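User: I should like to learn how helices and pockets are read from a model. Could you take me through this one?

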Amino acid sequence: MKVGFVGLGIMGKPMVKNIVKNGYEVIVFDFNQSAIDEVVSAGAHAAESGAKVAEAAEVIITMLPNSPNVEATLFNPGGIAEGLSAGKTVIDMSSIAPKASQDFAARLKEQGVHFIDAPVSGGEPKAIDGTIAVMVGGEKAVFEKYEALLKTMASSVTRVGEVGAGNITKLANQMIVAINIAAISEAYCLAKKAGVSPEAVYQAIRTGLAGSTVMDQKSEKIFSGNFDPGFRIELHIKDLQNALDTSHDSNVSTPFTASAMEIMQSLKAYGLEKRDHSAIANYYETINDLKLQG
C-alpha cells in the first residue's frame with residue numbers, strides 16, 4: 001500500500017518515520033524543505049505537490065494546524081483533491097472543527113473519495129515512540145481498512161462514530177488537558193507559598209487519584225522551566241476556540257474551558273504563545289509572584 005502524507009511539523013515528521021518503519025511506502029509533501037529532507041533520509045519519497053502525492057497514493061494522510069490549513073491543502077490549486085480519484089481515502093489527523101471535517105467529507109464524496117477524521121493525542125514524545133492515541137470518525141468499513149496503518153503510529157486507535165466524531169472527541173481531550181495543567185499549576189503554587197516543595201507534592205500524589213499522564217509529562221517541564229514546545233499554546237488556543245464554538249452550537253455550558261482559554265490568551269498577550277502549553281504555570285507564577293523552579 002502506498003501512503004501519502006502532507007504536513008511535516010512537530011507531529012507529522014515522527015509519524016511518517018513510524019509508518020516507514022512498519023514497511024509502508026510513503027510519499028510526502030510539505031512547504032518546509034528541511035522537513036522533507038529529514039523524512040526522505042528515513043526512507044520516505046518526496047512529491048512536488050499535494051496533488052502529486054494524491055496521484056501516487058491509495059490513502060492520503062494530512063497533519064496540519066487548523067481547519068483553514070486543511071481546506072487549502074485539500075482544495076487549493078495543486079492541492080490534494082486535484083490528484084484524487086474515486087475509491088481513494090483521505091485521513092485527516094489534524095485537530096480541527098468538527099463541522100469542517102463534515103464539510104470536507106461531503107465535498108470529497110462528490111469525487112467518490114472517502115474521508116475520515118482521526119485527530120491524535122499524546123504530543124511529540126508519543127509521536128516519536130509511536131504511542132499516540134487516535135480517535136476516529138468515519139464509516140466503519142473505511143476505518144477497518146486502514147486501522148492497521150493507523151496503529152503503526154499509535155498505541156490506541158478507537159472509532160468513536162461518524163465523520164466529525166473524532167474531532168469532537170479530540171476537543172473533549174483538549175478541554176481536559178488544559179484544565180488539568182491549570183489545576184496542577186494552581187496546586188503547586190499553593191504548595192510553594194505554604195512552604196512545601198512542589199516536587200515533593202508531585203512525588204507524593206502522582207500514583208494516587210490525582211495522578212495523570214498530564215501530571216507526569218508536564219510537571220517535569222514546569223519544575224525545570226523548560227517550555228520548549230511539544231504542543232504550543234497557540235495551537236491549544238485554537239483547540240479551545242473550536243471547543244467553545246462547538247459548545248455554543250450545542251448549547252452546553254463549559255466554564256472551566258472558558259477560564260483555561262482566558263489564561264492562555266493572557267499568555268499570548270505577553271508573547272508566550274510559542275511555548276509549550278505547560279507554560280500555563282507561568283500565568284500562576286505571575287499572579288502569585290513566585291517561581292516553581294528550585
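Analyst: The model is a predicted one. A suitable place to begin is the residue Gly271, just after helix H13, which has a positive phi of about 80°.

User: How many residues does H13 have, and what distance does it reach from its first C-alpha to its last?

Analyst: Helix H13 comprises residues 255–269, 15 residues in total, and reaches 21 Å, close to the 21 Å expected at 1.5 Å a residue.

User: How should the burial pattern of a helix be read, and which residues of H13 are buried?

Analyst: An α-helix has 3.6 residues a turn, so residues three or four places apart point the same way. In H13, the buried residues are Thr257, Ala260, Met261, Ile263, Met264 and Leu267. They lie on the same side of H13 because they cover an arc of only 160° around the axis. Pro255, Glu262 and Ala269, on the other side of H13, are exposed. The cover over the buried residues includes H9, helix H12 (233–249) and H14.

User: Against which helices do the buried residues of H11 pack?

Analyst: They pack against helix H9 (165–193), helix H10 (198–205) and helix H14 (280–288). Among the buried residues of H11 are Val214, Met215, Ile222 and Phe223. Gly225 follows H11 and has a positive phi, near 75°.

User: Which element supplies the largest share of the lining of the second largest pocket?

Analyst: H6 does, with 4 residues. Helix H6 (98–109) and strand S6 (114–117) each supply at least two lining residues. The lining divides into 6 nonpolar, 3 polar and 3 charged residues, and the pocket holds about 210 Å³ of space.

Conventions:
Residues numbered from 1 in each chain as written. Predicted model: local features only at pLDDT ≥ 70, side-chain atom pairs only at ≥ 80, totals over all residues. Heavy atoms only, no water. 1 Å grid on protein atoms, 1.4 Å probe; cavity = no way out; pocket = protein on both sides within 12 Å on 5 of 7 lines; lining within 4 Å. Points joined across faces, edges and corners; volume = space filled by probe spheres on them. Nonpolar A, V, L, I, M, F, W, Y, C, P; charged D, E, K, R; others polar. Buried < 20%, exposed > 50% of the residue type's maximum accessible area, 1.4 Å probe, protein only. Contact = heavy atoms within 4.5 Å. Expected span 1.5 Å × (residues − 1). Arc of directions from axis to C-beta.
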